[in-house]
Amino acid sequence: MKRIKILVSISILVFLSSCNSGAFEEHEIGDNLIGNSTEVSLIDTFTIESSTVKMDSVVTSGQKNILFGKYDDPYFGKVNSDFYGVLGLGDSFNLRKINVNGVGQVDVHVKFDSLVFIVYSDKRYYGDTLAQQSISIHKVIEEIKYPDNEFAFYGHRNFAYEAEDLCNVNFFAKPVTQSVYNTEIDQDAEANDGGIRFRMDDELGLDIIKRVNNTEDDTVRDSNKWKKYFNGIVLKPGQNNTVMLSFPITDSKMKMRLYYSDAEYDEVGVSRFHDFPVLNTMLAFSNYTSDKSSTPQNLGRIVDRTEELSSDSTDNLTFIQGGIGFMTKVRIPYLEKLNTLGLTGGILKSELILYPKDDSFDSEQFKLPSSSSAFNIYTTNADNMTLSSILNPVNNQAVASVYNFNREYPDESYYSIDITNYVNNVLLSGQNYDDALLLSLPIETIGNSMERMVIENDPKSDFRIRLKTTYVVQK
């Protein structure tokens, strides 16, 4: 349980209170700014209105890794991610040629050994890795391409695929070697890392080998013809899966490997392989679905981006989630009233303070977002659009969040975001009724993130969303 802090404050206005801060003389603002006629003060009890909103669509293509799996979140419901990708030909799959006495140069025909799908986990996960997982791989039966006038894939997109799978196996999420693995012939750079290897149905492999042996069939020797033969794949988690995994797709770290051997002549039985890599292009993407019907706060009520759920109706909580696209909206209705205080010396710093709900995270399954890259903060309007990023005036970069860990009382730890520039702009230019802020995982990575956070905003609690503003007043 959080400690109950005792705060001594002096009321200034009906909506905020201020503390004279003799102790704030230790604030690193420079002796040249503080004299006998200067007072450093703090306001941290602004009215903060908050709600949860949801992005209409989240871009999930163009990432260096993909998210795949399924897990059940006590706050966000059942989350599922399928992965769609284009399987490239790799190098032209040609028969080996040798010279045979009395015949001349001949093609060496090959025979099929096995077909394996290989992935390498980057060891990021959300959920329970101890339980057995399952995966099915299906062949996509329509061309994977962008819809008209679109240049990326969004989390709601999908393509038709064959009902009969190419692979349906059980596995454990920990990165261990499974299925076919031969240290003598697996010479790719990642072989020693193990990876997860899934034995696939022989029928596809046999058909590919038949085309290899038919020198008049260019399916496996021409990338355009291969693409028509094999549009792509979809990876689907099993119904009882409990974890979301992250798989890199760069440097051929996701691929289908066909093992074969010479069927004749001097190297009969010598094992070889050919890799068909999943292409790291904007055509690789994750398709997200979620069932929020069982969530305590019924987050499924949000359907359109213009809709929002006030924290008053969600047990004084707001939500942020990657993949699905939940964001927290914050409105500070009386911010302009700071001008009535006559801040002759100006504002030193304004920080937005966010407390994660105590029981909403842990160190194993549901970790808190990383610190410096945790959140982006944007201005927004009544339609909940991301208008512009709040920038740091020093480097003109998006402001970073900081996780302030309290070692003595860990449950009092919080995130802080410096929004001084935003507050100053409001005091200079004013604000409209609909002006507000959106807190989100970074827009450029939100479609490829498993991170989420539940934020407290009970107005009666000391652990609510706060705007902590330190300012100087000339006496």
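**Exercise 1.** In this predicted model, classify Lys357 by its relative accessibility, and then describe its pairing with Asp359.

*Solution.* At a relative accessibility of 22%, Lys357 counts as partly exposed, because the buried class ends under 20% and the exposed class begins over 50%. Its partner Asp359, with a relative accessible area of 54%, is exposed. The side chains of these two residues form a salt bridge, with 3.8 Å from N to O, which satisfies the cut-off of 4 Å.

**Exercise 2.** Find which residues are joined with Arg272 into one network by salt bridges that share partners, and examine the pair that Arg272 makes with Glu267.

*Solution.* The network consists of Arg96, Asp262, Asp266, Glu267 and Arg272, linked through shared salt-bridge partners. Within the pair in question, the N to O distance between the side chains of Arg272 and Glu267 is 2.4 Å. Arg272 is partly exposed at 22% relative accessibility, and Glu267 is likewise placed in the partly exposed class, at 27%.

**Exercise 3.** Work out what the salt bridge between Asp44 and Arg466 ties together, and whether each of the two residues is buried or exposed.

*Solution.* Begin with the contact itself, in which the side chains of Asp44 and Arg466 meet at 3.6 Å, N to O. Next, locate the partners: Asp44 sits in the loop between β3 (38–43) and β4 (49–54), whereas Arg466 belongs to strand β31 (residues 466–474), so the bridge ties together parts that are 422 residues apart in sequence. Finally, Asp44 has a relative accessible area of 18% and is buried, and Arg466, at 7%, is buried too.

Note on methods. Residues are numbered from 1 along each chain as its sequence is written. This is a predicted model: local features need pLDDT of at least 70, side-chain atom pairs count only at pLDDT 80 or more; totals for chains, interfaces and linings use all residues. Side-chain values use heavy atoms; hydrogens and water are left out. Helices (H or I, at least four residues) and strands (E, at least two) are DSSP runs, numbered from the N terminus. Buried means under 20% relative accessible area, exposed over 50%, partly exposed in between (1.4 Å probe, protein chains only).
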